[in-house]
Amino acid sequence: MPEEKPTLDHEHLPTKLGTEFVTKFYRLLKGTTVYDRKNAIIDRLTQECLQVINGIIQSEGHLFLKIVRDNFFFNNIRILVKADKYPIFKAFWQEMKRRWIGEVEFSSEVKGDQLKDLVYLLSGLEENNESNYLYVKKQLEFRNIESIHVGKLEFFKDEEIYIDSEDRKKYSKEVYFKSLGLVKEVVESINQQKALNIRKAKRLMQNAVNAIMQDESTLLGLANIKNYDEYTFNHSVNVAIYAIALGQRIGIPKKELSHLGMTGLFHDMGKTRIPKEILNKTGKLSPEEWSMMRSHPIAGAELIMRMKEWGELSTRMMSGAFEHHLRYDLTGYPKLTRKKKTTLFGRIVTIADFYDALVRPRVYNRYPYVSEKILGIMLERSGKDFDPSLVKVFINMIGVFPLGTLVLLNTNEMGIVTQIHEDTELIDRPKVCLLQYSDGEYRKGQAVDLREMEEGGQHFKRTIVKTLDPNEYNINVAEFLI
Amino acid sequence: MPDEVSLDKKAPDLTLEMPLPEGSETDEELILARDLTSAFIKAIKAFRFYPPDNPTLKGFRDQLLKKFQFFLNKYQTFVLQVGEYDLSFKNRILYENKDVKTSLAFSLYKDGLREIRFMKGIEEWEVQGVIDILKHSETINALEDDIVTLMWEKDFMHISYLATDEFLEETPVIIPDNVDQFRRNLVFKPLAHHVEVELAEEGSEEGIDLDEILSKVIEEPLPFVSDRSVYSLSADEVEGLRKEVESEVDPVFIFNITDTLFEILALEKETEPFQDAVKILIKVLDAFLTLGEFTKASELLKRVYIILKTYDLQDWQVEGIGKIIIEAGEEIRVERIGKVLEREEVLLEHVSAYLSLLQKNAIKPLIKLLGELKNSKVRRVFCDALSEIGKNHIELFTPFIEDRRWYLVRNIVYILGRIGKEQAFPYVQKAFNHEENRVRREAVQALGLIGGPKAIGLLVRALTDNDVRIRCMTAINLGKVGKKTGLIPLLEVVQTKDFYKREPVEIKAFFNAIGMVGSNEAVPVLQQLLERKSWFGRGKSDEIHIGAANTLAVIGTPEARAILEEGKNSKDESIREACTQALKSQSV
């Protein structure tokens with residue numbers, strides 16, 4: 001008999017306690033990268049974390065957090081990570097993985113100084129050093145801290161060996177550009193009525209899932225590329241990436257994430273049935289042309305029906321293709337003869353598709369225009385065109401200043417957003433790559449973190465004043481993210 | 001794989017004291033690795049060779065798991081390098097086979113696998129999972145899957161691998177290393193209408209002006225930048241998403257495809273995709289039947305009927321969609337229903353509802369299955385359904401009226417009776433002379449339902465059947481349908497000298513039958529019987545007196561009542577009592 005799922009009122013206790021601990025501990029850990037030991041903010045974060053740790057020790061006797069692959073275990077029970085806490089857990093996981101630390105244990109109540117010792121030790125560890133845990137152990141022993149123990153990250157799958165961020169970037173780039181090539185192949189195969197190599201698509205989407213589970217920011221950054229080769233190929237790959245990233249945040253399991261990627265990749269296959277003259281027409285479309293454009297969801301579903309045996313994957317792919325223009329309130333197209341709720345995958349692809357389509361370059365704008373305005377439109381239309389919960393998750397994922405946004409800072413510097421912080425409290429304080437103008441173009445400058453405080457710790461050093469149109473500056477933001 | 005995983009739950013350790021396998025190597029680890037590899041290969045071969053339900057297979061798997069656990073407990077990991085035709089461990093070849101058709105190494109290598117790593121803590125389901133993938137490696141559809149995709153999907157905790165994708169590239173893909181390379185491939189094409197189509201309102205042919213939307217410059221930061229509550233998930237939303245994900249990964253979600261397929265049928269005007277949709281709907285129906293989901297199967301068929309009735313379809317579309325209903329009644333599907341009924345408890349009303357939606361092509365397979373069903377309630381459901389489906393196709397039942405299985409013949413007669421048409425008479429007549437009593441009884445019932453002069457004629461003959469139950473049933477049925485034609489033979493029987501010797505149940509049946517006819521013509525005979533004195537003792541007279549009195553009461557005409565009133569004052573106690581009771585029963 002399966003365990004009953006925890007209800008809202010009687011939340012699974014290990015999840016509740018584990019989540020509280022991870023949230024506070026992660027915030028403290030991140031704080032150490034910005035503030036020194038004596039900073040008041042560190043004191044506050046330490047106290048908050050301490051309260052949680054000692055509270056758990058009092059009620060449970062001990063606190064043991066262990067990471068196994070991408071799962072968290074609190075006192076040997078798996079934590080059920082919820083969608084709203086996903087970002088924190090993901091970020092924490094990345095921090096710990098970088099340091100090869102897989103276990104943290106508190107066997108009795110601890111003091112503030114002891115906790116600070118631990119977090120500053122962890123914070124200062126060398127990346128990718130498998131022996132880090134030994135070093136921390138020794139240091140804790142040296143300081144007579146007996147109630148805290150750390151352990152090595154035990155299990156590590158070989159295909160996820162890209163700890164190094166350059167390796168990760170390289171892997172993600174490979175996945176991205178190979179996927180572009182694949183979509184091109186698929187379209188050509190459809191046009192020539194040849195058999196499709198679904199297997200290759202599966203391999204690529206599985207790799208995409210691996211990459212996004214490791215670190216979504218690289219592939220999400222690459223999704224800023226909108227016009228590499230044909231738009232259609234680019235768009236399909238971008239939708240797949242956004243869909244997988246969004247799906248991961250709401251807890252879709254790994255295998256189904258790869259299906260979601262496939263669904264995104266193939267969602268617009270029906271457009272292969274529309275003459276290019278209509279697809280690329282610049283003038284007004286006639287009613288017949290409109291009708292043809294609107295037929296592509298059905299055509300897409302039919303193509304998938306033909307190319308793949310009925311099963312889990314084809315059902316999902318067909319739903320994505322058929323539903324991605326239906327809208328949340330079913331006022332989209334095709335017009336249904338019988339109202340029904342759209343599938344989760346369909347709703348995810350709808351959001352990913354809309355966002356990517358809206359930010360693509362237009363004829364007089366050579367480069368994409370990424371802006372919080374797009375997210376504002378989506379928020380406005382949520383409940384009508386989009387699933388409201390999914391829109392929120394998407395905004396959290398993309399950030400209010402998405403990757404690749406060109407921003408103006410209060411220091412009169414320009415920069416491009418290169419990394420979003422997982423903590424929703426700091427979602428408007430991303431990492432930014434400053435731009436330097438020389439020899440007639442903008443080039444990469446220093447990378448800065450907008451969470452950084454001025455001396456004295458009263459104000460942030462830099463703040464985003466507004467977003468800018470990259471076309472006005474002849475900047476292709478994607479170039480700064482590849 | 002269990003959803004909730006606790007680190008405390010581990011597979012039972014099957015390792016015992018293991019004898020060291022003999023070999024020419026002195027390195028213990030290598031010896032054990034060789035032995036483990038051999039067990040691994042053997043297990044895969046066994047799973048390929050034996051049928052899945054063979055009990056030997058469990059032994060192979062358990063043995064393999066034992067060896068894995070022993071090795072991994074000692075050495076933590078077991079890493080096999082995959083060569084084109086060989087498997088190596090620490091650069092020593094442990095397995096080699098150059099026959100591409102049978103070589104396990106080759107089947108792994110060609111799918112890009114270069115290394116497989118097994119780790120301590122490996123569980124039974126993981127060993128079984130790997131075996132399941134590898135045993136089918138030769139039959140994997142290479143356009144859809146390979147060993148790597150299947151292993152990835154399994155998401156093993158203690159098995160990992162290294163794989164290359166290079167072999168998949170027919171033409172190498174250029175990955176830009178620098179900005180210049182990147183810029184070279186950028187394409188700047190004119191505006192396409194995708195987004196306008198997305199944003200346009202229903203019925204609008206004009207599209208919308210994206211610039212207009214985007215140019216609404218907002219001076220202040222957008223609300224959601226400063227007001228985080230706008231994009232923070234509430235507890236309800238979090239829970240809602242969790243439930244959505246749960247139902248999305250539930251295997252039955254694949255039936256969601258049904259709605260899409262019906263929409264395609266409604267919207268599609270081309271034959272090929274239309275037929276593709278029909279084919280998949282038939283598969284969906286198959287799946288419903290296999291799972292015993294008769295309600296869902298009924299809904300599917302009902303939707304088909306609705307489309308046929310309400311949509312404006314061309315002939316080829318009607319034929320295409322109609323195929324679904326025809327296929328529903330094919331033997332292979334009906335057999336499937338039989339298997340479900342054998343193995344599990346299902347709500348019979350759901351089965352009944354489904355069967356009644358089938359068409360005449362289902363009659364023969366349903367009858368075939370009917371002959372095999374053991375449960376009488378299920379048989380009844382089938383019979384009732386067949387009488388519905390077959391009401392205009394009596395001829396389809398007739399080949400079975402001479403089946404050697406009397407119980408099937410009885411069922412057919414039951415069905416023909418329920419259909420109740422005179423066309424069935426010749427076939428019921430055949431059953432009427434069946435050697436088996438139970439068939440003849442059913443025939444009598446059927447004749448009663450069919451009615452008509454021919455049926456009555458046969459029923460009259462049955463009044464003299466050897467079997468008392470048949471005679472009783474005949475009497476009752478004659479009473480129902482015989483009217484005056486039936487009345488005379490009934491009266492003749494009750495007037496026979498030996499009638500009083502018959503079983504009380506038969507006496508009662510005849511009198512009831514006369515009562516059912518309700519004719520005044522019976523009154524004189526009934527009076528006679530009522531007033532007849534018994535020569536053979538009180539007991540027997542009572543039955544006749546009671547029967548006659550009750551029948552007069554049922555007839556209820558003034559003449560009949562007068563006789564009863566008179567009888568109330570009879571000197572004969574039995575007559576008096578019978579009449580009094582009969583009058584009482586009518587006044588209640």
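Contact here means heavy atoms within 4.5 Å.

**Figure 1. B:Tyr354 sits in the largest nonpolar core of this predicted model.** B:Tyr354 touches B:Leu285, B:Leu289, B:Phe294 and B:Ala297. Its contacts also include B:Ser298, B:Leu301, B:Ala328 and B:Ile337. Residues up to four places away in sequence are not counted. The core holds 269 residues. Within it, A:Phe266, B:Tyr354 and B:Phe382 touch the most other members. Another core, of 48 residues, lies apart from it. Members of that second core include A:Tyr35, A:Val136, A:Ile148 and A:Val150.

**Figure 2. Confidence varies along chain B.** The mean pLDDT of chain B is 85, and 86% of its residues score at least 70. Helix 7 of chain B (residues 194-199) marks the low end, with a mean of 54. Helix 17 of chain B (residues 363-370) marks the high end, at 95. In residues 1-20 of chain B the pLDDT is below 50. That stretch still has 43 contacts in the model beyond near neighbours in sequence. Residues 217-221 of chain B also have a pLDDT below 50. Counted in that way, residues 217-221 of chain B have one contact. The model as a whole scores ipTM 0.79 and pTM 0.81.

**Figure 3. B:Ile44 is a buried residue of chain B.** B:Ile44 belongs to helix 1 of chain B, residues 28-49. Its relative accessible area is 2%; the cut-off for buried is under 20%, so B:Ile44 counts as buried. It touches B:Leu104, B:Leu134 and B:Lys135, leaving aside residues up to four places away in sequence. B:Val554 is 510 residues from B:Ile44 in sequence. In space the two are 81 Å apart, C-alpha to C-alpha.

**Figure 4. Five strands of chain A form an open sheet.** The strand order is 3-2-1-4-5, with antiparallel pairing. Strand 3 (77-78) and strand 5 (148-152) of chain A stand at the edges. Each has a single partner strand, so one side of each lacks a neighbour in the sheet. Strands of a sheet pair through backbone hydrogen bonds. Strand 4 of chain A (residues 101-106) pairs with strand 5 of chain A over five bridges, in the antiparallel sense. A:Val104 stands opposite A:Val150, which is in strand 5 of chain A. Helix 4 of chain A (residues 112-123) lies across strand 4 and strand 5 of chain A. The helix runs at about 175° to strand 4 of chain A.

**Figure 5. Strands 7, 8 and 9 of chain A pair in succession.** Strand 7 (residues 414-419) and strand 8 (residues 431-438) of chain A are antiparallel, with four bridges. A:Val417 stands opposite A:Val432 of strand 8 of chain A. Strand 8 of chain A also runs antiparallel to strand 9 of chain A (residues 441-449), joined by seven bridges. Here A:Val432 stands opposite A:Val448 in strand 9 of chain A. Strand 8 and strand 9 of chain A form a hairpin with two residues between them. A:Asp439, in the turn, has a positive phi of about 50°.

**Figure 6. Salt bridges cross between chains A and B.** Side chains of opposite charge can pair when their charged atoms come close. A:Arg199 forms a salt bridge with B:Asp111; the closest N and O atoms are 3.2 Å apart. A:Arg199 is in helix 7 of chain A (residues 198-214). B:Asp111 is in the loop between helix 3 (104-110) and strand 4 (113-119) of chain B. A:Arg199 is buried, at 10% relative accessible area. B:Asp111 is buried too, at 4%. A:Lys202 forms a salt bridge with B:Asp145, with the closest N and O atoms 2.7 Å apart. A:Lys202 also lies in helix 7 of chain A. B:Asp145 is in the loop between helix 4 (124-135) and helix 5 (147-154) of chain B. Both A:Lys202 and B:Asp145 are buried. Salt bridges with shared partners join A:Arg199, A:Arg203, B:Lys110, B:Asp111, B:Asp146 and B:Asp165 into one network.

**Figure 7. B:Asp465 and B:Arg440 form a salt bridge within chain B.** Their closest N and O atoms are 3.1 Å apart. The pair links distant parts of the chain, 25 residues apart. B:Asp465 is in the loop between helix 22 (452-462) and helix 23 (468-481) of chain B. B:Arg440 is in helix 21 of chain B (residues 437-450). Both B:Asp465 and B:Arg440 are buried. Over all chains, the structure has 67 salt bridges.

Key:
Residues numbered from 1 in each chain as written. Chains lettered and ligands numbered in written order. Predicted model: local features only at pLDDT ≥ 70, side-chain atom pairs only at ≥ 80, totals over all residues. Heavy atoms only, no water. pLDDT = per-residue confidence, 0-100. Core = buried A, V, L, I, M, F, W, Y, C linked by side-chain atoms within 4.5 Å. Buried < 20%, exposed > 50% of the residue type's maximum accessible area, 1.4 Å probe, protein only. Pairing = 2+ DSSP bridges. Axes fitted to C-alpha atoms, helices over the stretch in contact; angles between N-to-C directions. Salt bridge = Lys/Arg side-chain N within 4 Å of Asp/Glu carboxyl O.
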